[in-house]
Structure formats: C-alpha cells, structure tokens
Amino acid sequence: MNGVVLVNKEKGMTSHDVVAKMRRIYGTRRVGHTGTLDPMAEGLLPVCIGTATKAADMMTASDKRYRAVMELGKISDTLDAEGTVTEGGEVNVSEADIRNAAAGFVGEYDQLPPMYSAIKKNGKKLYELAREGIEIEREKRRVTIYKADVTDISLPYVTLDVCCSKGTYIRSLCSDIGADLGCGAVMTALVRTGTCGFSLDDAYTLGELESMEEPERVIIPTDSLFSDLPAIELNEKQERSIINGVRMTWRGGREGQSYRLYGRGGRFLCVSRLEDSRLVLVKSFWQNES
C-alpha cells in the first residue's frame, strides 16, 4: 500500500492530528504529510503512505495556492485573527488601493517570518519563544508570489487568491499588504487550494475516508507525483543494475534532466537524474513494492 491520499484538512486540527488518524484508517505507521498547515488553516494536505513517504520532502518544496481572507484595520501579535490585537484604526482605502497594494507583492520579495512560527532559532521554535514573551530578531527570507489576485472586497474584509513559493507565510503577506495600505491587516481565514499539482477539489475529509469500505481505492500511485518527468523503461539487466546502485550509462537523454525509471511489469523504481551520461539516483521507491 504505497501512494498519496489527498486530505481536506478541517479547521482546528494540526497536520500531526491528520497523520495520526490516517495511520488508523490505513492500518500502517508509515504515513507522513507534505507540508504543515496551521490549526487555523483548512484545505489540501497530501498525505504519503508507504514508500511514498520518501517523496514527502520533495513535495514540501513545491509551490502552493491559497484562498485567504484578511481584515483591514487591525494588527495582531500573531498576524492573524487568533492573536491579540495590538493596534486598530479606520480603514480609509479604495478598491483600487487594495488591488494595487496586493499586486505590488507579485514577484520576489524578502519576507519577515512571524514570531508565531515553527522556524527554529538556536534549537528552539520561534512560537515557543513568543509564548514566553520573547521576541528576537529574524532574518528575512526571499519568497516568490506568482499571483495575488483580489477576488472579493467587503470592507473591512478582503479575499485573495495567492500562488506562491514554498516557505511563504500568508499571514505575513496579509500583514505586509496592510502595512502598505497604512491601516494594517490580519489574516482571518486560510484555505490551501492547491499543491504538488493537486487540487482541493479532489480531496477527501477524514470523515469521508473513515466511512469508506475500501479507502485504499483513493490512493494515488507514487509515480503520479512525478508525472511531469519523462519516463524510461528498463530491461531486467538494467533494472538489477539500478537496484544494485550502479550509475548506469544512458545515451540520448538531456544532461541535468530527471527521469522516472520503470522496471519489469511497469514497476516504478525511482527518480534519477542524468549526469555525465549516467543515471544518478535521486530517490528510490522500489522497497516493499510488488
């Protein structure tokens, strides 16, 4: 039982809560998620099962898409509505001002991570320090906003459709937009709508998965995670070479390109990259697969 299940995480649950329930549903401890969603957030959380857990780190690095709601005129210590409001004021901005402010963050920008985050400093998570009343200097991180479309304005609330790179904090983006507008903003809702090439439309709640007689039927094969990579089919001798760790010579490919490798019977083996005309292993998936 190897592959990915698309979970629609409900508000109030941690990503670790989801993993614990998935272990019970599928009867295995080999389960891992692909990028933390805060308890306040909802939406798409791909969960890896079996050998697919080896791909979790690669999936975490993928771009993300979110639907976020922010409330203008407020500033909080957590940058969202669950924190303590430290400032507030009138909202005197036009729709054009809001759209222009959001559009101004499209592209690369240096974002300051919130104190209430899981980033570690000297071995301790920032949110642990924040709860102790300690605020430390943080380094800004370069992130990319591919899209920040304003889809609804019902002042003081604004809804955004955001596509961004890994490591982007939408709370920080909302706060930065509010700062640009001169009135402040806190995030009041967040839904992840896409990641790793998957859509929230295809996800299942934990309740739906628990009620299925055969939840295995919604497992997506591991190799689908790499469907954008070209495939190479190997013969029996080549398959043995790859499994035995041999950097097999491969002519006709493109240097630096990664490939999906398949053995006999269409068995998905691994992802390898072509370097100096040899296939170099990136990630193996053949263990315990039939």
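# Exercises on a predicted protein chain

The protein chain has 7 helices and 17 strands; these are DSSP runs numbered from the N terminus, with at least four residues (H or I) for a helix and at least two (E) for a strand. The model is predicted, and local features need pLDDT of at least 70, side-chain atom pairs count only at pLDDT 80 or more, while totals for chains, interfaces and linings use all residues. Residues are numbered from 1 along each chain as its sequence is written, and side-chain values use heavy atoms, with hydrogens and water left out.

**Exercise 1. Find what share of the 290 residues of the protein chain counts as buried, and what box the C-alpha atoms fill.**

Step 1. Start with the cut-offs: buried means under 20% relative accessible area, exposed over 50%, and partly exposed in between (1.4 Å probe, protein chains only).

Step 2. By that rule, 47% of the 290 residues are buried.

Step 3. Along the principal axes, the C-alpha atoms fill a box of roughly 70 × 45 × 40 Å.

**Exercise 2. Check the span of helix H1 (residues 15–26), then work out where its buried residues sit.**

Step 1. The expected span is 1.5 Å times one less than the number of residues. For the 12 residues of H1 this should give 16 Å, and the end C-alpha atoms are 17 Å apart, which agrees.

Step 2. Now list the buried residues of H1: Ser-15, Val-18, Val-19, Met-22, Ile-25 and Tyr-26. Seen down the axis, they fall within an arc of 120° (taken from the directions from the helix axis to the C-beta atoms), so they line one face of H1.

Step 3. Here is a handy rule: an α-helix has 3.6 residues a turn, so residues three or four places apart point the same way.

Step 4. Turn to the face away from the buried side, and you meet the exposed residues His-16 and Arg-24.

Step 5. The buried residues of H1 pack against strands S1 (3–9), S2 (31–33) and S3 (42–49), and against helix H6 (206–211); contact here means heavy atoms within 4.5 Å.

Step 6. Just after H1 comes Gly-27, with a positive phi near 65°.

**Exercise 3. Decide whether Glu-214 is buried or exposed, and locate it relative to Tyr-26.**

Step 1. Look in the loop between H6 and S14, where Glu-214 is found.

Step 2. Its relative accessibility is 53%, so Glu-214 counts as exposed.

Step 3. Glu-214 and Tyr-26 are 188 residues apart in sequence, yet 9.5 Å apart in space, C-alpha to C-alpha.

**Exercise 4. Describe the open sheet that contains S14, S15, S16 and S17.**

Step 1. Two strands pair if DSSP finds at least two bridges between them. The 4 strands come in the order S14-S15-S16-S17, with mixed pairing.

Step 2. S14 (231–233) and S17 (278–284) stand at the edges with a single partner strand each, so one side of each has no neighbour in the sheet.

Step 3. S15 (residues 258–262) and S16 (residues 268–275) run antiparallel and are joined by 5 bridges; Tyr-259 has Ser-272 in S16 as its bridge partner.

Step 4. S16 and S17 also run antiparallel, joined by 6 bridges, and Glu-275 is partnered with Arg-278 in S17.

Step 5. These two strands form a hairpin with 2 residues between them, and Asp-276 in the turn has a positive phi of about 50°.
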